[in-house]
Amino acid sequence: MFVCLCNGYTDSQIREAAAGCAGAVDCVYEHLGAAPRCRSCVEMAGEIIADYRRTTAAVPASLTACPGAPATRGSFARRG
Ligand code: FES
């Protein structure tokens with residue numbers, strides 16, 4: 001299912017990127033290659049990431065959030 005229409009990201013892509021990233025939505029999107037634009041998907045993407053992290057093995061401690069991105073696990077941050 002498409003979650004982010006601006007970037008064409010699906011829920012599967014978001015989960016896959018969340019497995020390789022310890023950060024929130026902006027960090028996960030950065031791993032996919034593009035930052036959120038209109039941000040209308042950020043809440044849903046945050047829920048997908050949080051759900052993924054609740055239901056799968058913990059993100060390895062060696063993974064860190066992207067520089068400048070919030071390092072909050074399982075949550076999302078909205079910008080202005
Ligand atoms: S729908 Fe994701 S940034 Fe616009």
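Among contacts in the protein between residues at least 6 apart in sequence, what percentage join residues at least 24 apart? The figure is 61%, and I would like you to keep it in mind while we walk through the structure, which is a predicted model.

Let me begin with the overall layout. The secondary structure comes to 3 helices and 2 strands, and if you read along the sequence you meet them in the pattern β-β-α-α-α. The protein has 80 residues, and buried residues make up 29% of them.

Now let us turn to how the helices pack, beginning with some vocabulary. When two helices pack together, we describe the pair by the angle between their axes and by the distance between those axes.

Take α1, which covers residues 11–18, and α3, which covers residues 42–55: they pack at an angle of about 55 degrees, with their axes 9 Å apart. Angles from 65 to 115 degrees would count as roughly perpendicular and those under 35 as roughly parallel, and α1 and α3 are therefore oblique to each other. Their crossing is right-handed. On the α1 side the contact is made by D11, I14, R15 and A18, while α3 brings A45, I48, I49, Y52 and R53. If you sort the residues of this contact by character, you find 6 nonpolar and 3 charged, with no polar residue in the set.

The second pair is α1 with α2, where the axes come within 9 Å and cross at roughly 100 degrees. That angle lies in the range from 65 to 115 degrees, so α1 and α2 are roughly perpendicular to each other. Here α1 contributes Q13, I14, A17 and A18, and α2 contributes V28, H31 and L32. The residues of this contact divide into 5 nonpolar and 2 polar, and no charged residue takes part.

Those of you who were writing down names may have noticed some of them coming back, and they will return once more in the core. In soluble globular proteins, nonpolar side chains tend to be buried together. In this model the largest nonpolar core has 17 residues, and those with the most contacts inside it are I14, A18, C21, V25, V28, A45 and I49. Each of α1, α2 (residues 25–32) and α3 supplies at least two residues of this core.

Let me finish with the loops, and with three residues that are worth finding on the screen. G20 lies in the loop between α1 and α2, and with 11 C-beta neighbours inside 10 Å it counts as exposed, because the limit for that class is 12 or fewer. Although G20 and H31 are 11 residues apart in sequence, their C-alpha atoms are 8.0 Å apart in space.

In the loop between α2 and α3 we find G33. Why does G33 count as exposed? The reason is that G33 has 10 other C-beta atoms within 10 Å. G33 and N7 are 26 residues apart in sequence, yet 9.0 Å apart in space, C-alpha to C-alpha.

R39 also belongs to the loop between α2 and α3. R39 is partly exposed, because it has 16 other C-beta atoms within 10 Å. What I would ask you to look at carefully is its backbone, since R39 has a positive phi of about 70 degrees although it is not a glycine.

Terms used. Residues are numbered from 1 along each chain as its sequence is written. Axes are lines fitted to C-alpha atoms, for helices over the stretch in contact, and angles run from 0 to 180 degrees between N-to-C directions. Helices (H or I, at least four residues) and strands (E, at least two) are DSSP runs, numbered from the N terminus. Angles under 35 degrees count as roughly parallel, over 145 as roughly antiparallel, 65 to 115 as roughly perpendicular and the rest as oblique. A crossing is left-handed if the near helix is turned anticlockwise from the far one by less than a right angle, and right-handed if clockwise. Two residues are in contact if their C-beta atoms, placed from the backbone, lie within 7 Å. Ala, Val, Leu, Ile, Met, Phe, Trp, Tyr, Cys and Pro count as nonpolar, Asp, Glu, Lys and Arg as charged, and the others, Gly among them, as polar. A nonpolar core is a set of buried Ala, Val, Leu, Ile, Met, Phe, Trp, Tyr and Cys residues joined through C-beta atoms within 7 Å. A residue is buried if 20 or more other C-beta atoms lie within 10 Å of its own, exposed if 12 or fewer, and partly exposed in between; C-beta atoms are placed from the backbone.
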